[in-house]
Amino acid sequence: MVTDILLDDAALDRRFERILADVTRQGWSVQPDFLSAEDTAMLRAECDIRWRGGDFRHAGVGRGAELKIRPEVRSDHVHWLDPGVPDTPQQRHYFATMEGLRQALNRNLYLGLFDFEAFFAVYPPGKFYQKHLDRFRGSEERSFTAVFYLNDDWKEEDGGQLRLYLDEAGNGPWVDVLPCAGTLAVFITEGRWHEVLPATRERMSLTGFFRTR
Ligand code: OGA
Ligand code: MN
């Protein structure tokens with residue numbers, strides 16, 4: 001975990017405050033302009049270069065021996081990052097920001113989050129991720145989900161919404177989140193059904209999970 005960058009930015013603290021208030025009240029939060037346009041553009045550029053360079057693979061469902069490529073369930077492509085060894089300054093900055101969020105969540109909500117795993121995800125046009133939970137079968141490690149979006153000028157009619165179901169059964173009602181550059185969507189992982197609707201454009205994000213032991 002990167003801890004060598006001090007997060008003393010007052011604006012960022014206010015963003016954390018809003019996230020804490022939302023999560024305490026409803027278990028999820030959506031923050032537009034979570035990072036600056038410059039920081040978001042750097043992450044976007046990195047994702048783009050890696051994607052065009054063939055540095056992604058088909059995302060799987062399940063893990064270990066149960067890992068399967070099931071495009072009828074999930075048809076995005078992913079590039080996993082190593083938080084311990086960030087490849088670029090923008091990754092390093094992102095992980096430092098998430099470390100600040102982790103500490104804020106633990107201080108205030110006692111979630112016991114101990115680390116963070118993250119990947120770039122690309123959904124080509126028409127691709128999607130059906131309604132799901134982020135925890136693997138038999139595992140409670142993933143405890144808090146954070147999805148950061150990288151797409152400039154995204155409009156309602158482009159599709160690609162993150163649909164967050166508000167009920168425990170995942171039938172609705174729901175809220176739809178547009179994957180606009182700079183927006184961070186977070187939620188308590190346990191029991192939170194969600195899906196990614198197909199888009200008419202390529203859709204890029206940086207998705208991560210805070211884990212407990
Ligand atoms: C996921 C996921 C949401 C999104 O990767 O598990 O649900 O909006 N992503 O990309
Ligand atoms: Mn998910």
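**Group meeting: helices, sheet and a manganese site**

Helix α1, residues 10-26, packs against helix α3, residues 89-109, at an angle of about 45°, and their axes lie 10 Å apart. That angle makes α1 oblique to α3. Before I go on, please keep in mind that this is a predicted model.

The crossing of these two helices, α1 and α3, is right-handed. Which residues of α1 and α3 meet there? From α1 we have Leu12, Phe16, Ile19, Leu20, Val23 and Thr24. Across from them, α3 brings Thr97, Gly100, Leu101, Ala104, Leu105, Asn108 and Leu109. Sorted by class, the contact of α1 with α3 has 9 nonpolar residues, 4 polar ones and no charged ones.

Now, on to the sheet. Strands in a sheet pair through backbone hydrogen bonds, and the pairing can be parallel or antiparallel. Here we have an open sheet of 7 strands, paired antiparallel, and if you want to trace it on your screen, the order is β1-β9-β6-β11-β4-β3-β2. Which strands stand at the edges? They are β1, residues 28-31, and β2, residues 57-58; each has a single partner strand, so one side of each is left without a neighbour in the sheet.

Let's walk inwards from β2. Its antiparallel pairing with β3, residues 77-80, runs over 2 bridges, and His58 has His77 in β3 as its bridge partner. On the next step, β3 pairs with β4, residues 115-123, again in the antiparallel sense, over 4 bridges. His77 turns up here too, standing opposite Val122 in β4.

And where does our first helix come back in? Helix α1 packs on the sheet, where it touches β1, β6 (142-149) and β9 (184-188). The direction of α1 makes about 150° with that of β1.

Last stop, the metal. Which residues coordinate the manganese ion, ligand 2? His132 and His194 each do so through NE2, and Asp134 through OD, at 2.1 Å. Along the chain, the donors follow the spacing H-x1-D-x59-H. Asp134 and His194 link distant parts of the chain, 60 residues apart: Asp134 sits in the loop between β5 (129-132) and β6, whereas His194 belongs to strand β10, residues 194-196.

So, to recap for your notes: a right-handed crossing of α1 and α3, an open sheet of 7 strands, and a manganese ion held by His132, Asp134 and His194. Thanks, everyone!

Key: Residues are numbered from 1 along each chain as its sequence is written. Chains are lettered from A and ligands numbered from 1 in the order in which they are written. This is a predicted model: local features need pLDDT of at least 70, side-chain atom pairs count only at pLDDT 80 or more; totals for chains, interfaces and linings use all residues. Side-chain values use heavy atoms; hydrogens and water are left out. Axes are lines fitted to C-alpha atoms, for helices over the stretch in contact, and angles run from 0 to 180 degrees between N-to-C directions. Angles under 35 degrees count as roughly parallel, over 145 as roughly antiparallel, 65 to 115 as roughly perpendicular and the rest as oblique. A crossing is left-handed if the near helix is turned anticlockwise from the far one by less than a right angle, and right-handed if clockwise. Contact means heavy atoms within 4.5 Å. Ala, Val, Leu, Ile, Met, Phe, Trp, Tyr, Cys and Pro count as nonpolar, Asp, Glu, Lys and Arg as charged, and the others, Gly among them, as polar. Two strands pair if DSSP finds at least two bridges between them. Donors are N, O and S atoms within 2.8 Å of the metal (3.2 Å for Na, K and Ca); water is not among the atoms, so sites may look incomplete.
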